[in-house]
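Here are my notes on this model, as numbered points. Please read them with the structure open.

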Amino acid sequence: MANGLKFSPRKTALALAVAVVCAWQSPVFAHGSEAHMVPLDKTLQEFGADVQWDDYAQMFTLIKDGAYVKVKPGAKTAIVNGKSLDLPVPVVMKEGKAWVSDTFINDVFQSGLDQTFQVEKRPHPLNSLSAAEISEAVTIVKAAPEFQPNTRFTEISLHEPDKAAVWAFALQGTPVDAPRTADVVMLDGKHVIEAVVDLQNKKILSWTPIKGAHGMVLLDDFVSVQNIINASSEFAEVLKKHGITDPGKVVTTPLTVGFFDGKDGLQQDARLLKVVSYLDTGDGNYWAHPIENLVAVIDLEAKKIIKIEEGPVIPVPMEPRPYDGRDRNAPR
């Protein structure tokens, strides 16, 4: 099967017959009126479908999540998830390219055989931000005078328009007369900042430091924790009590820290993580090898261990427990 959508003339009489049948029919009619035709490959790919052409079978295969569609040029039916579906307008060919009716996606993917998709005719005001809108929000925020170079983005999402306007759109089809805006949550050190960004007019609508709040734990925080554990001579000495001499084989799992009125000696405004650890024995399943009764408390801003909590030493389970079950004997 080939993925290219250019078609070379076949040298057999059968292929010639197919080419004649699939020749451009102008005009093409649907439901008594002329159909508007659009390129199959471009339209379906923009829809997010995988488009494949089988040159031997002279057939398209269209795949989109739960829908699997087979259709031949000139055919009045398509096969959708194994069931036949009548097409108001067949796929037609012109100059080596396939064309479909502009209703093809609705006809096929909303056929009643598959209701996974709903093709949007007008953008809904509650649609999530697109990748381009997220990039635009970042650009606008970075240009703000309040922005600091070490600031990290923790969340960028749609700032929802007024609910009454959304209801008017949903019930009466009234367009929402407001620019698309984004909520941006940032972390400057341990300080949380929330901003609202007007994407259409490219400006900051609000910039609010949030007092007494802790920011989201980010992926690079997990990397920092692992590096801090690996570099700590104090933690390495504690590991020896558990029979572990190579800290590089310790896999850390950071957890957020609760606040208990300072009874545990931890400060509420510090950016802390409690870390429990597992031993990588090489079987691919370190979860089966916990290092019990050992918790390290790490200050992410200071990038160091500030406390090690220990209990009685419990030997690390060393028996292999791979995910693929190769340690198990097949039943006889």
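1. Val80 stands opposite Lys83 in β8. That pair belongs to the contact between β7 (residues 77–80) and β8, two antiparallel strands joined by 4 bridges. Keep in mind that this is a predicted model.

2. The wider setting is an open sheet of 5 strands. Its order is β4-β5-β6-β7-β8, and the pairing is antiparallel. β4 (50–54) and β8 (83–86) are the edge strands; each has a single partner, so one side of each lacks a neighbour in the sheet. From one strand to the next, the twist averages 25°.

3. Now the β4 end. β4 pairs with β5 over 5 bridges, in the antiparallel sense. Gln52 stands opposite Thr61 in β5. The two strands, β4 and β5, form a hairpin with 4 residues between them. In that turn, Gln58 has a positive phi of about 55°.

4. What lies across β4 and β5 (59–64)? Helix α2 (residues 40–47) does, running at about 15° to β5.

5. Helix α5 (residues 163–172) has two faces to check. Val166, Ala168 and Phe169 are buried. They span an arc of only 160° around the axis, and therefore sit on the same side of α5. Lys163, Ala164, Trp167, Leu171 and Gln172 are exposed on the other side.

6. Look at both ends of α5 too. Asp162 caps the N-terminal end, with a side-chain oxygen 3.1 Å from the backbone nitrogen of Ala164. Gly173 follows α5 and has a positive phi, near 75°.

Definitions and conventions. Residues are numbered from 1 along each chain as its sequence is written. This is a predicted model: local features need pLDDT of at least 70, side-chain atom pairs count only at pLDDT 80 or more; totals for chains, interfaces and linings use all residues. Side-chain values use heavy atoms; hydrogens and water are left out. Two strands pair if DSSP finds at least two bridges between them. Axes are lines fitted to C-alpha atoms, for helices over the stretch in contact, and angles run from 0 to 180 degrees between N-to-C directions. Contact means heavy atoms within 4.5 Å. Buried means under 20% relative accessible area, exposed over 50%, partly exposed in between (1.4 Å probe, protein chains only). The arc is that of the directions from the helix axis to the C-beta atoms. A polar contact is a pair of N or O atoms within 3.5 Å; within protein, one must be able to donate a hydrogen and the other to accept it, and residues adjacent in sequence count only if both atoms are side-chain atoms.
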